[in-house]
Structures are given as C-alpha cells and as structure tokens.
Amino acid sequence: MSNHKVKIQIHSKIKYENGQEERLHEDAVGDLYLKEGHFFLRYQETEKMGNTWTVVKWPKERTPITVVIIRQGNVKMKQVFQEGVRIDFTYQSPYGALEMEILTHRIHLSKPSLNKGEIGLQYQLTRNKQIIGTYHLDLYYQRIEGGKSC
C-alpha cells in the first residue's frame, strides 16, 4: 500500500431550518490510498474544527455505496452515509457529546481513481428529532505530480 499526495478542495453549503445559509471552503493537502477495496483520503482540517484529522472512506466499486467520514482531534465523530438511510452518530467536542442523526439524500462519486476524483454528499442533520439543516458537501482531490509518500 502506497500513499499518494493529493490537493483537496472542500466545499460545503448548509441551509438551516430558519432559512439562513452558510458556505464554507477549505483547501488542504492530504494522502490518498487504496486498501482492501476502499479508497481512503486523509487530511487535516484547521479552520473551524481546530486541528482535526479527517479520514474519508468509500468503496472502489460503486455499489453499494457507503461513505464514512471519521474525524479525530478537537472534534471526534464517525458519520456513515447511505442513500435513504437514517444513521445515528455522536459528535464529541471539548464542550461535550451530542447525539445526532443523518439522513442521506444523495451520494455522488465520480469514477474514483488514485489520480483525481469527486465525492458529493447531500444530507439532512437532525438532533432530538429537530432538523438542524440540509448539507451539501463536495470534496475534490487531485494527485500532486511526483507526490508519493510511502
């Protein structure tokens, strides 16, 4: 298994239940590798999450599609995305733990490769049966030429 250095663009759009919208953009450099039929993208978030490592996992084969996002650091959580399925998770921050739920509306994967790809998620986030908002998350990655780290 060898890691490939990649440039990553993260775009998110959140539409809250009160009608307000928030857009976020972050650029990162990370590692991409293929292991046991799954791609793994690992990078460090610095802005809002405050020094948090993120791993995104998705299958090499397109069906069934399950995307997993794991964050470790100032924020800890494991989010599992499957279209049309409600999945509970715990959001752990320095201020305490929150039980939340995801309902995934759509997962989009470009034809994944070790050179470049795109992951798109559209989902609803709920806490205590109250909708927090609808989220659109898009991750774009592209291999950095000569970027191989073993």
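A nonpolar core is a set of buried Ala, Val, Leu, Ile, Met, Phe, Trp, Tyr and Cys residues joined through side-chain atoms within 4.5 Å. In this predicted model, the largest such core holds 29 residues. Ile8, Leu41, Val56, Trp58 and Leu121 touch the most other members.

**Ile8 and its surroundings**

Ile8 shows how one of these core residues is placed. Leaving out residues up to four places away in sequence, Ile8 touches Glu26, Asp27, Ala28, Val29 and Gly30, among others. Leu41 and Tyr43 also touch Ile8. So do Leu139, Tyr140 and Tyr141. Leu41 thus appears twice: as a contact of Ile8, and beside Ile8 in the list of core members that touch the most others.

**Two buried polar residues**

Ser12 belongs to strand β1, residues 3-16. Ser12 has a relative accessible area of 17%, so it counts as buried. Beyond its neighbours within four places in sequence, Ser12 contacts Glu22, Arg23 and Leu24. His136 and Leu137 are in contact with Ser12 as well.

Gln124 sits in strand β9. Its relative accessible area is 14%, so Gln124 is buried too. With neighbours within four places again set aside, the contacts of Gln124 include Arg86, Glu101, Ile102, Leu103 and His105. Ile131, Gly133 and Thr134 also contact Gln124.

**Salt bridges**

The whole structure contains four salt bridges. Three of them are described here.

Lys5 and Asp31 meet through their side chains, with N to O at 3.2 Å. This pair links distant parts of the chain: Lys5 is in strand β1 and Asp31 in strand β2 (residues 21-35), 26 residues apart. Lys5 is partly exposed, at 29% relative accessible area. Asp31 is buried, at 12%.

Arg71 pairs with Glu45, and the closest N and O atoms are 2.8 Å apart. Here too the pair links distant parts of the chain: Arg71 lies in strand β5 (residues 67-73) and Glu45 in strand β3 (residues 38-45), 26 residues apart. Arg71 has a relative accessible area of 10%, so it is buried. Glu45 is buried as well, at 8%.

Glu21 forms a salt bridge with Arg23, with 3.8 Å between the closest N and O atoms. Glu21 is partly exposed, at 43% relative accessibility. Arg23 is exposed, with a relative accessible area of 62%. Arg23 is also one of the contacts of the buried Ser12.

| Salt bridge | N to O distance |
|---|---|
| Lys5 and Asp31 | 3.2 Å |
| Glu21 and Arg23 | 3.8 Å |
| Arg71 and Glu45 | 2.8 Å |

**The loop between β9 and β10**

Which residues in this loop have a positive phi? Asn128 has a phi near 55°, a positive value in a residue other than glycine. Lys129 also has a positive phi, near 65°, and is likewise not glycine. Asn128 lies in the loop between β9 (116-127) and β10 (130-149). Lys129 lies in the loop between these strands as well.

Are the two residues buried or exposed? Exposed means over 50% relative accessible area. Asn128 is at 59%, so it counts as exposed. Lys129 is at 78% and therefore counts as exposed too. Gln124, in strand β9, is by contrast buried, at 14%.

Conventions. Residues are numbered from 1 along each chain as its sequence is written. This is a predicted model: local features need pLDDT of at least 70, side-chain atom pairs count only at pLDDT 80 or more; totals for chains, interfaces and linings use all residues. Side-chain values use heavy atoms; hydrogens and water are left out. Buried means under 20% relative accessible area, exposed over 50%, partly exposed in between (1.4 Å probe, protein chains only). Contact means heavy atoms within 4.5 Å. Helices (H or I, at least four residues) and strands (E, at least two) are DSSP runs, numbered from the N terminus.
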